[in-house]
Amino acid sequence: MKISTKSRYGIIALIDLVINSEYGSVTLKAISERQNISERYLEQIFSLLRKSGLIIGKKGAQGGYTLTKHPNEITIGEILKVLEGDLLLIDVKEYEANEMEGFVNREIWSEINKKINDYFESITLEEIVNKYKKEKVEIVYYI
């Protein structure tokens with residue numbers, strides 16, 4: 001399994017959205033400029049996120065995007081499933097060729113797939129935002 005650029009940028013863009021949405025909607029142009037991500041690419045990503053119901057867009061002068069739920073209700077797993085589909089290290093076949101393959105599928109591949117999904121489901125968008133903010137505050141520059 002390899003997490004695509006789409007997912008990596010999608011998570012970065014949502015972190016930016018949360019941080020900068022204190023006073024209302026956030027535009028893709030603003031996210032694009034702050035994160036150095038193509039606005040066209042963000043449009044594709046946000047289209048998927050909007051269709052999934054994670055974000056809502058408003059048109060007009062005060063337009064932009066906002067989350068539909070509080071960041072503590074959105075997991076990184078939920079975001080990745082929208083942008084990647086199923087998160088599988090190994091796509092375990094439904095029908096095993098033999099007893100040994102069935103055993104290995106259950107004991108190794110299914111277990112690792114479950115652990116990967118459980119890990120991503122255990123992290124909320126709010127947790128990541130808070131860690132980022134904390135790290136940003138802790139960085140001290142000396143000259």
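Aspartate 118 comes out as partly exposed in this predicted model, because its relative accessibility is 40%, which falls between the 20% and 50% cut-offs. Its salt-bridge partner is lysine 114, with the two side chains meeting at 2.7 Å, N to O. Lysine 114 is partly exposed as well, at 44% relative accessibility. Both residues sit in helix H5, four residues apart, or about one turn of the helix. As a rule, an α-helix has 3.6 residues a turn, so residues three or four places apart point the same way.

That bridge is part of a set: searching the whole structure turns up four salt bridges. Another one also involves H5, but with a partner from elsewhere in the chain. Here glutamate 121 and lysine 81 bring their side chains together at 3.2 Å, N to O. Glutamate 121 belongs to helix H5 and lysine 81 to helix H4 (residues 76–84), so this pair links distant parts of the chain, 40 residues apart. Both ends are partly exposed: glutamate 121 has a relative accessible area of 31%, and lysine 81 has 37%.

Over in the N-terminal helices, arginine 34 and aspartate 16 make a salt bridge of 2.7 Å, N to O. Since arginine 34 is in helix H2 (residues 28–35) and aspartate 16 is in helix H1, the bridge ties together parts that are 18 residues apart in sequence. The two ends of this bridge get different labels. Arginine 34 is partly exposed at 41% relative accessibility, whereas aspartate 16 is buried, with a relative accessible area of 4%.

Aspartate 16 has buried company in its own helix. The buried residues of H1 include Ser7, Gly10, Ile11, Ala13, Leu14, Ile15, Leu17 and Val18, alongside Asp16 itself. As for geometry, H1 (residues 5–20) runs for 16 residues and spans 22 Å from its first C-alpha to its last, close to the 22 Å expected at 1.5 Å a residue.

Back in helix H5, asparagine 105 is worth a look for its surroundings. Asparagine 105 is buried, because its relative accessible area of 6% is under the 20% cut-off. Which residues touch it, once neighbours within four places in sequence are left aside? Asparagine 105 is then in contact with Val92, Lys93, Glu96 and Ser110.

Isoleucine 112 is also placed in helix H5 (residues 99–121), and its relative accessible area of 31% makes it partly exposed. Together with Met1, Leu89 and Ile90, Ile112 forms a nonpolar patch on the surface. The accessible area of these residues together is about 290 Å².

Turning to the rings, the count of aromatic pairs comes to three. One of them joins phenylalanine 46 and tyrosine 65 in an edge-to-face arrangement, with 5.0 Å centre to centre and 75 degrees between the planes. The edge-to-face label applies because the angle is over 60 degrees. Phenylalanine 46 lies in helix H3 (residues 39–52) and tyrosine 65 in strand S2 (residues 64–67), 19 residues apart, and the pair links these distant parts of the chain. Phenylalanine 46 and tyrosine 65 are both buried.

Technical notes. Residues are numbered from 1 along each chain as its sequence is written. This is a predicted model: local features need pLDDT of at least 70, side-chain atom pairs count only at pLDDT 80 or more; totals for chains, interfaces and linings use all residues. Side-chain values use heavy atoms; hydrogens and water are left out. Rings of Phe, Tyr and Trp (its six-membered ring) pair if their centres lie within 6.5 Å; planes under 30 degrees apart count as stacked, over 60 as edge-to-face and the rest as tilted. Helices (H or I, at least four residues) and strands (E, at least two) are DSSP runs, numbered from the N terminus. Buried means under 20% relative accessible area, exposed over 50%, partly exposed in between (1.4 Å probe, protein chains only). Patches are made of residues with over 30% relative accessible area and no salt bridge: like charges are joined within 9 Å, nonpolar side chains (Val, Leu, Ile, Met, Phe, Trp, Tyr) within 5 Å. Accessible areas come from the Shrake-Rupley method with a 1.4 Å probe; for residues, only the protein chains shown count as cover. The expected span of a helix is 1.5 Å times one less than its number of residues. Contact means heavy atoms within 4.5 Å.
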